[in-house]
Amino acid sequence: MLLDPQLPEVAFVGRSNVGKSSLLNALVGRRIAKISGTPGKTRALNVFLIDDSHYFLDLPGYGYARAGKAQLIAFRALVKYALQRERLRGVVWLLDIRHPPSSDDRAMQDALAEGETHVLAALTKGDKLSTEQRRARERELRGDLELPEDQVVVTSAKTGEGIVDLKEAIAGLISGVPQ
Ligand code: GDP
């Protein structure tokens, strides 16, 4: 898929129900312009042009209980394809702050490591925990995922927590300069 104009790309991945649509809405609000998607297929790759300066690639949520084998194979191929795109600057990987990484999350972690992809982990639904619990879970997940502090952002689409931080971190990915 050749996107025109060619611009930097950032992909969004996470388990279904992790809060990806909500976070994307919180990040881009009404500036979002959906420019592709396959009608009739719920598990396609959606592309959004943001501020005429970069693209967000929204991959289907994974770990869907009723996904069949063919769907799984197609999903893996889609991830591989997205991670190999020439203009991909990095991936925002969404994880529910309340839960330990699932086996599907671990498979994603392996794919990200294999592609040597720049990763930002967005821990979602931060509002569901107290401030103290949030800090503890953030630390735990950072250790679990072996990610440094500047690559992990606690977010809440509900309260707006972490949205500005995540935007800045994404800008850093796009420019290639850590913010
Ligand atoms: P997706 O399947 O990953 O796109 O997830 P959605 O954005 O559709 O969200 C799944 C569910 O989680 C919905 O019921 C949302 O209302 C809820 N949700 C998403 N983000 C948040 C959040 O930041 N806080 C809370 N409390 N609920 C959220």
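In this predicted model, a good place to begin is the ligand, where a backbone N or O atom of Asn17 lies 2.8 Å from one of the ligand's oxygen atoms. A second backbone contact comes from Lys158, whose N or O atom is 3.4 Å from an oxygen atom of the ligand, while Asp127 takes part through its side chain, an N or O atom of which is 2.6 Å from a nitrogen atom of the ligand. Taken alone, the ligand exposes 580 Å², and the protein buries 68% of that area.

Around these contacts stands a shell of 14 residues, and the closest to the ligand are Lys20, Ser21, Ser22, Asp127 and Ala157. Asp127 thus appears among the closest residues of the shell and also supplies the side-chain contact to the ligand nitrogen. By residue class, the shell around the ligand divides into 2 nonpolar, 6 polar and 6 charged residues.

From the ligand we can turn to the second largest pocket, which has a volume of about 460 Å³. It is lined by 21 residues, of which Arg76, Val79, Ala107, Met108 and Ala111 are the closest to its centre. Two helices, H2 (69-83) and H3 (103-114), each contribute at least two residues to this lining, and the greatest contribution is that of H2, with 8 residues. The lining of this pocket divides into 11 nonpolar, 4 polar and 6 charged residues, and the charged residue Arg76 is one of those closest to the pocket centre.

Notes: Residues are numbered from 1 along each chain as its sequence is written. This is a predicted model: local features need pLDDT of at least 70, side-chain atom pairs count only at pLDDT 80 or more; totals for chains, interfaces and linings use all residues. Side-chain values use heavy atoms; hydrogens and water are left out. On a 1 Å grid over the protein atoms alone, a cavity is a set of points where a 1.4 Å probe fits but cannot get out, and a pocket is an open set with protein on both sides within 12 Å along at least five of seven lines; lining residues have an atom within 4 Å of a point. Grid points are joined across faces, edges and corners, and a volume is the space filled by probe spheres set on the points. Helices (H or I, at least four residues) and strands (E, at least two) are DSSP runs, numbered from the N terminus. A residue is near a molecule or strand if one of its heavy atoms lies within 4 Å of it. A polar contact is a pair of N or O atoms within 3.5 Å; within protein, one must be able to donate a hydrogen and the other to accept it, and residues adjacent in sequence count only if both atoms are side-chain atoms. Accessible areas come from the Shrake-Rupley method with a 1.4 Å probe; for residues, only the protein chains shown count as cover.
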